[in-house]
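Please look over the sequence and the structure shown below before reading on. The report that follows goes through the model part by part, beginning with its sheet and ending with its aromatic rings.

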Amino acid sequence: MTIRLLIAEDDKKFAALLRSFLERYDFVVEVAHDGEEGMELFLKNRFDVVLADGLMPKKDGLSLARDIRVTPKGNNVGIVMMTGVYKNAAWRRTAEQQANIDDVLDKPFELDELALLLKADARLS
């Protein structure tokens, strides 16, 4: 089962590591290095799940998730937010309620855990 994944992560080395690892788990990966580029890729392609960093230039992960959800295909994709900064319960509730995030993953995390979470949140069509 191939899962189409959009990674929106401004740290280029970390994004490359995620891509390399997840491609071994049969993910087909596209990478954006800021939120605006992430939205452009989302609109042009079909994805089963989006992995977005909470803090990125041009458009943060929460704004990206909100923008994705209001598109016609926005409810047909799982969204996982990763963050190394926003670790409090209030931010998580905001992410879940306002942007309809499926999961929030705290950095640092185990890559195997990430792969399982993304597979669980993918909305295959």
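## The sheet

In this predicted model, five strands form an open sheet in the order β2-β1-β3-β4-β5, and their pairing is parallel. At the edges of the sheet are β2, which covers residues 27-32, and β5, each of which pairs on one side only. Neighbouring strands of the sheet are turned against each other by 20° on average, when direction is ignored. As general background, the strands of a sheet pair through backbone hydrogen bonds, and this pairing can be either parallel or antiparallel.

One pairing can be followed in more detail, namely that of strand β3, residues 49-53, with strand β4, residues 78-83: the two run parallel and are joined by five bridges. Within this part of the sheet, alanine 52 stands opposite methionine 81, which belongs to β4.

## Helices against the sheet

Helix α3 packs on the sheet, where it touches β1 (3-8), β3 and β4, and the direction of α3 makes about 175° with that of β4. Helix α5, for its part, lies across β1, β2, β3, β4 and β5, and α5 runs at about 175° to β5.

## Salt bridges and a small network

Side chains of opposite charge can pair when their charged atoms come close. How many salt bridges does the count come to? The count comes to six salt bridges, and the ones described here involve aspartate 67 and aspartate 102.

Aspartate 67 forms a salt bridge with lysine 59, and the closest N and O atoms of this pair are 2.3 Å apart. The two partners can be described by their accessibility: aspartate 67 is partly exposed, with a relative accessible area of 27%, whereas lysine 59 is buried, with a relative accessible area of 18%.

Aspartate 102 meets arginine 69 in a salt bridge, with a distance of 3.1 Å from N to O. Because aspartate 102 lies in the loop between α4 (89-98) and β5 (103-106) while arginine 69 lies in helix α3 (residues 61-69), this pair ties together parts that are 33 residues apart in sequence. Aspartate 102 counts as partly exposed at 25% relative accessibility, but arginine 69 is buried, with a relative accessible area of 9%. Aspartate 102 also forms a salt bridge with arginine 123, where the closest N and O atoms are 2.7 Å apart. Since arginine 123 lies in the segment after α5 (111-121) and aspartate 102 in the loop between α4 and β5, this pair ties together parts that are 21 residues apart in sequence. Arginine 123 counts as partly exposed, at 27% relative accessibility. Taken together, Arg69, Asp102 and Arg123 are linked in a network of salt bridges.

## Aspartate 34 and its surroundings

Where does aspartate 34 lie? Aspartate 34 lies in the loop between β2 and α2, the helix that covers residues 35-44. Is aspartate 34 buried or exposed? Aspartate 34 is buried, because its relative accessible area is 12% and the limit for a buried residue is under 20%.

The side chain of aspartate 34 reaches the backbone nitrogen of glutamate 36 at 3.0 Å. When neighbours within four places in sequence are left aside, aspartate 34 is in contact with Met56, Pro57 and Lys58.

## Two residues with positive phi

Most residues other than glycine have a negative phi. Lysine 58, which is among the contacts of aspartate 34, has a phi near 70°, a positive value in a residue other than glycine. Lysine 58 has its place in the loop between β3 and α3, and it counts as exposed at 63% relative accessibility.

Aspartate 26 likewise has a phi near 70°, which is a positive value in a residue other than glycine. The place of aspartate 26 is in the loop between α1 (12-23) and β2.

## Aromatic pairs

The structure holds two aromatic pairs. In one of them, phenylalanine 21 and tyrosine 25 form a tilted pair, with 4.9 Å from centre to centre and 45° between the planes. Phenylalanine 21 is buried, with a relative accessible area of 9%, whereas tyrosine 25 is partly exposed, with a relative accessible area of 29%.

Technical notes
Residues numbered from 1 in each chain as written. Predicted model: local features only at pLDDT ≥ 70, side-chain atom pairs only at ≥ 80, totals over all residues. Heavy atoms only, no water. Salt bridge = Lys/Arg side-chain N within 4 Å of Asp/Glu carboxyl O. Buried < 20%, exposed > 50% of the residue type's maximum accessible area, 1.4 Å probe, protein only. Helix = DSSP H or I, 4+ residues; strand = E, 2+ residues; numbered from the N terminus. Pairing = 2+ DSSP bridges. Axes fitted to C-alpha atoms, helices over the stretch in contact; angles between N-to-C directions. Contact = heavy atoms within 4.5 Å. Polar contact = N/O pair within 3.5 Å; in protein donor to acceptor, adjacent residues only side chain to side chain. Phe/Tyr/Trp six-rings, centres within 6.5 Å; stacked < 30°, edge-to-face > 60°.
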